[in-house]
Amino acid sequence: MRILTPYLLGHLILLATLAGATPVPLPTRTPTEPVCVGDCDGNQRVSIAELVRIVTIALGRSPIMDCPAADANGDAQIRISDIVVAVNRALRGCRAIQPRYMRARLFNAGSAHRGLTVGDFDLDGLLDIVVADVGAPRLSVLGGNGDGSFSAALTSELGITSFAIDSGDLDEDGLLDIVTANDFVGNDAAIALGAGDHSLTLTARVPTGEAPVAVAIGDLNDDRHLDFVIANNGTADVSVYFGDGSGSFAQQPRVSVGQRPRGVIVADLNGDAIADIATANITSGDVSVALGLGGGTFADDRRFSVGDAPHALVAADLDGDGITDIAAVNEGSNDVSFLRGLGGGNFDSESRHSVGRTPSAIAAADLNGDGSIDLATANIGDSTVSILIGNRGVFAPEQAVAALHPANSLVVADVDDNGIPDLITASTDGTVSILLGN
C-alpha cells in the first residue's frame with residue numbers, strides 16, 4: 001500500500017501546477033449533502049490512485065466524468081484548490097470531523113445581556129469579554145486569565161441600557177473602544193473609549209433611527225479611520241457614522257433596507273475592496289445588500305430571500321471559491337440560510353440547514369481545523385450552540401452543544417490560547433458561557 005507523505009503530496013500538486021493545469025468544466029451540480037471530495041468510486045476513502053486521476057483530469061488528459069467528486073465546491077470546475085481538498089480528505093478521512101468542547105462554564109457579568117464582544121482591552125496579551133446590558137445602564141468587562149477563566153466583572157456606567165455592542169480602536173491610541181446600540185430607551189448609539197485597564201468612559205451619544213438594535217464597525221469611506229453603522233429596527237434603515245480617528249463621528253445619510261432589520265454587518269461583498277453593508281430583516285424575511293460606491297456612499301439595497309424572521313448574519317468565503325458568501329440565522333424557522341456568492345454582490349438562492357430552537361446569533365470560523373469554514377448559532381429556545389461543519393459550502397447535520405443558558409449572542413475566539421477556537425455566548429439571565437474547544 002502506498003502511503004501519502006508530504007513528499008508525495010507536494011509532487012502531486014507541483015505536477016498539476018508546473019503542467020499548467022487549467023480549470024476543467026464539470027456538469028454543474030448543486031450540493032445537497034456533504035461530499036467526500038476526491039472519492040471517485042464512492043467508497044468513503046480517497047486513495048493515491050484517485051488523487052493521480054484527479055490531477056490527470058485537471059490536466060485535461062482524462063475524461064472529466066472519471067471523477068465528478070473532485071469538484072470541491074460545486075462550481076463546475078477542477079482547480080488546484082480542489083486537489084488540495086482531496087489530498088486533505090485522503091489524509092484525514094471522509095467523515096466530517098466534529099469539534100469537541102469541554103462542559104460550559106458560566107460567569108456572572110451583570111443583569112441581562114443582549115450582545116458581547118471579545119478583545120484584549122488591557123494589552124496583557126489575553127482576551128477579555130465585554131457585554132452589553134439591557135437590564136442596567138452599564139457595560140461589564142470580564143478580564144481574561146489566558147486559560148479560559150475570567151476575573152470578576154468590572155462595570156463601567158453608561159447612563160443608558162445597551163442592546164448591541166462592537167469594538168475597535170476608534171481614537172487610534174492603540175486601545176480598544178466600544179460602540180453600543182441603545183434600543184428601548186435612547187434611540188441612540190454610545191461611544192465609550194477604553195483606558196487600557198478594563199475601564200470604559202462614555203464620551204459621546206449620537207442619535208440614530210427608531211429602535212437601534214445592531215452595530216458594526218469598519219472603514220466605510222476608505223480614509224483609514226474606523227466608522228460604524230447602526231441597524232434601526234423601527235425605521236427600516238441603517239445609520240452611518242464617519243470617524244475622524246479621534247473618537248468623534250459625523251452622521252451621514254441613512255441607508256434604506258428591508259423591514260425591521262435585526263442584524264447588520266460591514267464587509268466587502270463584491271470584491272472591489274470597498275466596504276458594503278448587509279442587514280438581516282425580520283419582517284420581510286430577507287437580507288439587504290447595499291454595495292459601497294466609494295467615499296462612503298451606497299447603492300440602493302438589493303434583497304435576497306432567506307428563512308422566517310432572520311436575526312443575524314455573517315459574511316465569509318464559505319465554499320472556498322474566493323467569493324464572499326452570506327449566512328443568515330432564522331429565528332422563526334430554526335435554521336440557517338446559506339447564500340452562495342456569485343460575484344459582483346449577487347447571491348444564489350438560499351439553501352437551508354436546520355439548527356436548534358429560536359436561534360438568534362451566528363458566527364463563522366474553521367472550528368475543526370480542516371481548512372473549511374464552519375457555522376455556529378446561539379439558540380435561545382434550547383440553551384444550546386449548534387455547529388454546522390462545512391465542507392466547501394456543504395454542511396453536515398447540526399451538532400448541538402449545551403451552553404447551559406438561553407444563549408442570544410455568540411463570538412468565536414481562542415480565549416484559552418491553545419490554538420483551538422472556543423465559543424462564547426451571553427444571555428439575558430446575566431451570565432456568559434464559555435465552551436472551550438478540546
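A salt bridge is a side-chain nitrogen of Lys or Arg within 4 Å of a carboxyl oxygen of Asp or Glu. The exercises below use a predicted model.

**Exercise 1.** Decide why Arg138 and Asp133 count as a salt bridge, and state how exposed each residue is.

Solution.
Step 1. The side chains of Arg138 and Asp133 meet at 3.7 Å, N to O.
Step 2. The cut-off is 4 Å, so the pair at 3.7 Å counts as a salt bridge.
Step 3. Arg138 has 23% relative accessibility and counts as partly exposed.
Step 4. Asp133 has a relative accessible area of 0% and is buried.

**Exercise 2.** State how many salt bridges the structure holds, then describe the one between Arg303 and Asp301.

Solution.
Step 1. There are seven salt bridges in the structure.
Step 2. In one of them, Arg303 and Asp301 meet through their side chains at 2.7 Å, N to O.
Step 3. Buried means under 20% relative accessible area, so Asp301, at 18%, counts as buried.
Step 4. Arg303 has 43% relative accessibility, which makes this residue partly exposed.

**Exercise 3.** Find which residues are linked in a network of salt bridges with Arg352, and give the exposure of Arg352 and Glu350.

Solution.
Step 1. The network of salt bridges links Arg352 with Asp335 and Glu350.
Step 2. Between Arg352 and Glu350, the side chains meet at 2.7 Å, N to O.
Step 3. Arg352 is partly exposed, at 43% relative accessibility.
Step 4. Glu350 is also partly exposed, with a relative accessible area of 25%.

**Exercise 4.** List the buried residues of helix α2 and say what follows this helix.

Solution.
Step 1. Helix α2 covers residues 48–58.
Step 2. Its buried residues are Ile48, Glu50, Leu51, Ile54, Val55, Ile57 and Ala58.
Step 3. An α-helix has 3.6 residues a turn, so residues three or four places apart point the same way.
Step 4. After α2 comes Gly60, which has a positive phi, near 80°.

**Exercise 5.** Locate Val37, decide whether this residue is buried or exposed, and describe its surroundings.

Solution.
Step 1. Val37 lies in the loop between β1 (24–25) and α2.
Step 2. With a relative accessible area of 1%, Val37 is buried.
Step 3. Leaving aside neighbours within four places in sequence, Val37 is in contact with several residues, including Val46, Ala69, Asp82, Arg89 and Asn391.
Step 4. Val37 and Cys94 are 57 residues apart in sequence, and their C-alpha atoms are 7.9 Å apart in space.

Technical notes
Residues are numbered from 1 along each chain as its sequence is written. This is a predicted model: local features need pLDDT of at least 70, side-chain atom pairs count only at pLDDT 80 or more; totals for chains, interfaces and linings use all residues. Side-chain values use heavy atoms; hydrogens and water are left out. Buried means under 20% relative accessible area, exposed over 50%, partly exposed in between (1.4 Å probe, protein chains only). Helices (H or I, at least four residues) and strands (E, at least two) are DSSP runs, numbered from the N terminus. Contact means heavy atoms within 4.5 Å.
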